[in-house]
Amino acid sequence: WFWYPSTDNPPEWTGQVVGVFREARSKIDSADVQGLGSDGILAEVAEGLEGIGFELESGKRTAQKISRPVLFGPQGIPRVTYEVDGVHDDLGIVFEIEAGRGWMGNAFYRDLIRTSLIVGAKYLMLAMMNEYRYKSGSKETTNRSYDNARDQLDAIYASGRLELPFEGVLLLGY
């Protein structure tokens, strides 16, 4: 895991979150466990994250999804909303978990931009696979999504050209 900005001490809650992922490691480690998908990973860490105050998506039906406002319309009713994998409203944390083609499908960038627009989002917590193995023709390839995401966040924070509206970003590799 890595905390951004790297010049700041990670908040106390990061230790609790890392503990939840560490506890589930044997069931979610992408170097050993393949094909679980983001819903499967979420299921393995759900109890622990809910135990520390997170609200998590529980299914694909509308009532089971978590939606957060971006823009409000007439009478203050949310007009534009985004669905997220989880939130901790008291702390202002938005949680996204990506699997499989999370890096190659640009989910990292989508999560970064969309979470930047969510009202009240102080922190982004993003979980990415350490290894995603797939076949391209007859060749097996390994994509290292966590490493790629870390390199991009390093560049964003080091360059100073793009300022993210978060107090911090917790990048988790699983």
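## The β3-β4 hairpin

In this predicted model, serine 67 stands opposite glutamate 83 in β4. Proline 69 has its own counterpart in β4, threonine 81. Both pairs belong to a ladder of six bridges between β3 and β4. The two strands run antiparallel.

Five residues separate the strands of this hairpin. One residue to find is glutamine 75, which lies in the loop between β3 and β4. Its phi is positive, near 60°, although the residue is not glycine. Most residues other than glycine have a negative phi.

## The β8-β9 hairpin

Now move to residues 132-136, strand β8, and residues 139-143, strand β9. These strands also pair in the antiparallel sense, over five bridges. Within the ladder, tyrosine 134 is matched with threonine 141 of β9.

How many residues lie between the strands of this hairpin? There are two. Here the positive phi belongs to glycine 137, with a value near 70°.

## The open sheet

Strands of a sheet pair through backbone hydrogen bonds, either parallel or antiparallel. In this model, six strands build an open sheet with mixed pairing. Follow the order across it: β1-β10-β7-β6-β5-β2. Which strands are at the edges? They are β1 (2-4) and β2 (55-56), and each pairs on one side only.

Look inside the sheet at β5 and β6. Strand β5 covers residues 86-88, and strand β6 covers residues 93-97. Three bridges join them, and they run antiparallel. Histidine 88 faces isoleucine 93 of β6 across this pairing.

Helices pack on the sheet too. Helix α1 touches β1, β6, β7 (123-128) and β10 (168-173). The direction of α1 makes about 15° with that of β10. Helix α3 also packs on the sheet, where it touches β2, β6 and β7. The direction of α3 makes about 145° with that of β6.

## Helices α1 and α3

Two packed helices are described by the angle between their axes and the distance between the axes. Start with α1 (residues 12-23) and α3 (residues 37-51). Their axes come within 9 Å and cross at roughly 150°. An angle over 145 degrees counts as roughly antiparallel, so α1 and α3 are roughly antiparallel to each other. Their crossing is right-handed.

Which residues make the contact? From α1 come Val17, Val20 and Phe21. From α3 come Val45, Gly48 and Leu49. Sorted by class, the contact holds five nonpolar residues, one polar residue and no charged ones.

## Helices α4 and α5

The second helix pair is α4 (residues 107-117) and α5 (residues 145-159). These axes come within 11 Å and cross at roughly 45°. That angle falls outside the parallel, antiparallel and perpendicular ranges, so α4 and α5 are oblique to each other. α4 passes α5 in a right-handed crossing.

On the α4 side, the contact is made by Phe108, Tyr109 and Leu112. They meet Ala149, Gln152, Leu153 and Ile156 of α5. By class, six of the contact residues are nonpolar, one is polar and none is charged.

## A link across the chain

The whole structure has twelve salt bridges. One of them joins the side chains of aspartate 39 and lysine 60. The distance from N to O is 3.4 Å.

Where do the two partners sit? Aspartate 39 is in helix α3, while lysine 60 is in the loop between β2 and β3 (66-72). They are 21 residues apart, and the pair links distant parts of the chain.

## A cis peptide bond

One more backbone detail is worth finding. Most peptide bonds are trans. The bond between tyrosine 4 and proline 5 is cis, with omega at about 0°. Proline 5 lies in the loop between β1 and α1.

Notes: Residues numbered from 1 in each chain as written. Predicted model: local features only at pLDDT ≥ 70, side-chain atom pairs only at ≥ 80, totals over all residues. Heavy atoms only, no water. Pairing = 2+ DSSP bridges. Helix = DSSP H or I, 4+ residues; strand = E, 2+ residues; numbered from the N terminus. Axes fitted to C-alpha atoms, helices over the stretch in contact; angles between N-to-C directions. Parallel < 35°, antiparallel > 145°, perpendicular 65-115°, else oblique. Left-handed = near helix turned anticlockwise from the far one by under 90°. Contact = heavy atoms within 4.5 Å. Nonpolar A, V, L, I, M, F, W, Y, C, P; charged D, E, K, R; others polar. Salt bridge = Lys/Arg side-chain N within 4 Å of Asp/Glu carboxyl O.
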